[in-house]
Amino acid sequence: MASSAINSGALVTLQELNSASPHFKQGASLRVTGRLQEYSVENAVALIIDGNGTLKIDTQHLNLNLRLGSIYQFIGELLIQPNNEAILKARVGRNVDGIDLNLYYQSLKLLREFMSEQMSSRTS
């Protein structure tokens, strides 16, 4: 029987997500957070921003009321277009207004440091 396991979304900031990133690959499962800057109801595509990073989000499979200016977190698979533009095909989305983004990114940094230490202690 074939397994169709869904991968967890790797925590990635929008600034890190560029063509040189190891996460910038077709089908990569990602979790991203950003402020909703644009939303097209006709094609269900949102544009989120964080600092100088942006990402388009395909929201067609979500039942979510989107408000411009609010902060959202999405989990989904990255699709790389022929022009090297990325769009995240979201399977999960949630409003995270009220989140302290500076504290969120500090905790992400600490989590990565901890995981790196754990990996290096296993190989020693």
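Mentor: In this predicted model, a residue is called buried when its relative accessible area is under 20%.

Trainee: What percentage of the 124 residues in the protein is buried?

Mentor: The cut-off for burial is under 20% relative accessible area. Applied to the 124 residues of the protein, that criterion gives a buried share of 36%.

Trainee: In what order do the elements of the protein run from the N terminus?

Mentor: The protein holds six strands and one helix. Read from the N terminus, the order is β-β-β-β-β-β-α.

Trainee: Which strand supplies the largest share of the largest nonpolar core?

Mentor: The largest nonpolar core numbers 20 residues, and Val-32, Leu-55, Ile-57, Phe-74 and Leu-78 have the most contacts inside it. At least two residues of this core come from each of strands E2 (29-40), E3 (45-50), E4 (53-58), E5 (71-80) and E6 (86-95). The largest share is four residues, and the strand that supplies it is E5.

Trainee: Which residues does Val-32 contact, leaving aside its neighbours within four places in sequence?

Mentor: Contact requires heavy atoms within 4.5 Å. With neighbours within four places in sequence left aside, the partners of Val-32 are Val-12, Leu-14, Ile-48, Leu-55, Ile-57, Tyr-72, Gln-73, Phe-74 and Leu-88.

Trainee: How far apart are the mean positions of the positive and negative charges of the protein?

Mentor: The protein carries 11 positive and 11 negative charges. Taking the mean position of each set, the separation is 5 Å.

Trainee: What area does the protein expose?

Mentor: Carbon and sulfur atoms supply 51% of the exposed area. The total that the protein exposes is about 8,000 Å².

Technical notes. Residues numbered from 1 in each chain as written. Predicted model: local features only at pLDDT ≥ 70, side-chain atom pairs only at ≥ 80, totals over all residues. Heavy atoms only, no water. Buried < 20%, exposed > 50% of the residue type's maximum accessible area, 1.4 Å probe, protein only. Areas by Shrake-Rupley, 256 points an atom, 1.4 Å probe, with all protein chains shown as cover. Lys, Arg positive; Asp, Glu negative; His and termini not counted. Charge placed at Lys NZ, Arg CZ, Asp CG, Glu CD. Core = buried A, V, L, I, M, F, W, Y, C linked by side-chain atoms within 4.5 Å.
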